Amino acid sequence: MLKDRFTAVARGARTLAGAALLLAGIVAGAPTQAQTLAALPPVGNAVQHAGSARPVNAWNKFCERFPKECAVDTREEATITLTPQVWQLIVAVNRKVNREIRPMTDKDHWGVVDSWDFPTDGIGDCEDYQLLKRRLLVERGLPRRALRMTVVIDELNEGHAVLMVRTDRGDFILDNKTNAVLPWQQTGYVYVKREGHDGLAWVSLGGVTTQPVTTANHE
């Protein structure tokens, strides 16, 4: 699990035909939520990277098993054009995975400190949630190149993995700790590094500190 490695550290989408039907299958019957699904979020900005960074070792092992998940296709868009439909899809997938996966540390689950994988048995920790969210979003037509695995220091001063969605309205964060999809600068996290979008190398995010969460929906 990432927190064991970092506790000491201070701190256009490709539209698919029928996407609306896929989305309806995710959100059908869902109650009204605190975050309005249909409305676009305010325009924000992108987190700036500052040089190169090493990925965590468990990421390298994940890539050996799932090389397609780590490949970067520079023919894809590096940012998503955020439409109401695409925003609704992103929010719905975040909720779906958060609801369906049961949290458990890698130590309790696999007997190892840190392992990145898909939660195929319905159990996982932070990075496993985000890898599944990315797979579902890619299956629904969003470019993997704009969906970047990201390492942060969380509110407990521990290492944590989130999924950064890079859009023309700024960078947004999918997180297993909240159903709200937040602009990166409103999460309260310290941003350490993320996957690069031009190749396999990761990039440093400089340890930039953000504002604390005030309106996150912790359902």
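How many of the 6 residues of strand 7 (residues 178–183) are buried? For strand 7, 6 of the 6 residues are buried, so the strand is largely enclosed by the rest of the structure; buried here means under 20% relative accessible area, with exposed over 50% and partly exposed in between, for a 1.4 Å probe and protein chains only. Before I go on, please keep in mind that this is a predicted model, in which local features need pLDDT of at least 70 and side-chain atom pairs count only at pLDDT 80 or more, while totals for chains, interfaces and linings use all residues. Residues are numbered from 1 along each chain as its sequence is written, and side-chain values use heavy atoms, with hydrogens and water left out. Helices (H or I, at least four residues) and strands (E, at least two) are DSSP runs, numbered from the N terminus.

Let me stay with the strands for a moment. Strand 6 (residues 170–175) is joined to strand 7 by 3 bridges and the two run antiparallel, where pairing requires that DSSP finds at least two bridges between two strands. Ile173 stands opposite Leu182 of strand 7, and strands 6 and 7 form a hairpin with 2 residues between them.

Strand 8 (residues 190–195) has 5 of its 6 residues buried, so this strand too is largely enclosed by the rest of the structure. Strand 8 pairs in the antiparallel sense with strand 4 (residues 147–153) over 4 bridges, and it is joined by 5 bridges to strand 9 (residues 202–209), again antiparallel. Lys193 can be followed in both directions, since its bridge partner is Val151 on the one hand and Ser204, in strand 9, on the other. Strands 8 and 9 form a hairpin with 6 residues between them.

Now to the interior. The largest nonpolar core, meaning a set of buried Ala, Val, Leu, Ile, Met, Phe, Trp, Tyr and Cys residues joined through side-chain atoms within 4.5 Å, has 37 residues, and Trp59, Phe62 and Trp116 are among those with the most contacts inside it. Helix 3 (57–65), helix 5 (84–100), helix 7 (126–139), strand 4, strand 5 (159–167) and strand 6 each supply at least two residues of this core. A second, separate core of 10 residues includes Val162, Met164, Val203 and Leu205.

What about the aromatic rings? The structure holds 9 aromatic pairs, counted when rings of Phe, Tyr and Trp (its six-membered ring) have centres within 6.5 Å, with planes under 30 degrees apart called stacked, over 60 edge-to-face and the rest tilted. The rings of Trp59 and Trp116 have centres 5.7 Å apart and planes at 75°, so this pair is edge-to-face. Trp59 lies in helix 3 and Trp116 in the loop between helix 6 (106–110) and strand 3 (123–124), so the pair ties together parts that are 57 residues apart in sequence. Trp116 also forms an edge-to-face pair with Trp202, at 6.5 Å centre to centre and 65° between the planes, and that pair links distant parts of the chain, 86 residues apart.

Finally, the structure holds 1 disulfide, defined as a pair of cysteine sulfur atoms within 2.5 Å, and it joins Cys63 to Cys70 with an S to S distance of 2.0 Å. The torsion about this S-S bond is about -90°, so the disulfide is left-handed. Cys63 is buried at 17% relative accessible area, and Cys70 is buried at 6%.
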